[in-house]
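Ready for a few short exercises? Have a look at the model below, then try each task before reading its solution.

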Amino acid sequence: MMNQTVKAAIAILVMAALVWYAGGPREIGQVIARIDLVFVFLAILVITVDRGLMAFKWRMLLQARGFFLPYFTAMKIYCAAMVWGTFLPTSIGADAVRIVNTSKAGIPFKDVTASVIIERLIGFLIV
């Protein structure tokens with residue numbers, strides 16, 4: 001397994017490459033300076049409400065199987081999965097993070113996996 005120093009070095013190199021690709025720090029700074037903070041606040045609000053509703057829905061699926069996951073724990077797991085999902089491949093990476101973290105909270109792995117699969121199927125049907 002990679003140690004933390006190597007992971008940090010890789011992350012720094014990837015960020016440096018992205019900054020260079022985007023035109024450099026000056027270009028990024030100019031873009032950031034033009035951002036309206038009202039829209040940043042609204043985006044944060046909408047994302048938080050979305051994650052809250054997703055965590056609520058997922059808790060309902062787990063409760064239907066007889067498992068209790070506190071809302072705050074579900075929200076933390078969902079938000080952590082969202083962050084990890086940015087770096088891990090496709091949405092499966094985020095789902096894997098949710099499954100592992102929820103299993104660590106005491107809910108059996110197979111039941112958590114089933115709830116995530118059902119949640120994905122519901123989302124697919126709705127779309």
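**Exercise 1.** List the residues of the largest nonpolar core in this predicted model, then find which element gives the most to this core.

*Solution.* Start with the members: the largest nonpolar core has 12 residues, namely Ala55, Trp58, Leu62, Leu69, Ala74, Met75, Ile77, Tyr78, Ile99, Ile107, Val112 and Val116. Next, assign them to elements: α3 (37–64), α4 (71–87) and α6 (109–126) each give two or more residues to this core. Finally, α4 gives the most, with 4 residues. As a general background, nonpolar side chains in soluble globular proteins tend to be buried together.

**Exercise 2.** Find the residues that Trp58 touches, leaving out those up to four places away in sequence.

*Solution.* Among the contacts of Trp58 are Leu69, Ala74, Ile77, Tyr78, Val112 and Val116. Trp58 also touches Arg98, Thr102, Ser115 and Glu119.

**Exercise 3.** Is Asp95 buried or exposed? Place Asp95 in its helix and describe its surroundings too.

*Solution.* First, locate Asp95 in helix α5, which covers residues 90–104. Asp95 has a relative accessible area of 10%; buried means under 20%, so Asp95 is buried. Now turn to the side chain: Asp95 makes a polar contact with the side chain of Arg98, at 3.1 Å. Beyond four places in sequence, Asp95 touches Val116 and Arg120.

**Exercise 4.** Classify the exposure of Asp50, and give the C-alpha to C-alpha distance from Asp50 to Val83.

*Solution.* Asp50 belongs to helix α3. With a relative accessible area of 32%, which falls between 20% and 50%, Asp50 is partly exposed. As for Val83, it lies 33 residues from Asp50 in sequence and 14 Å from Asp50 in space, C-alpha to C-alpha.

Methods: Residues numbered from 1 in each chain as written. Predicted model: local features only at pLDDT ≥ 70, side-chain atom pairs only at ≥ 80, totals over all residues. Heavy atoms only, no water. Core = buried A, V, L, I, M, F, W, Y, C linked by side-chain atoms within 4.5 Å. Buried < 20%, exposed > 50% of the residue type's maximum accessible area, 1.4 Å probe, protein only. Contact = heavy atoms within 4.5 Å. Polar contact = N/O pair within 3.5 Å; in protein donor to acceptor, adjacent residues only side chain to side chain.
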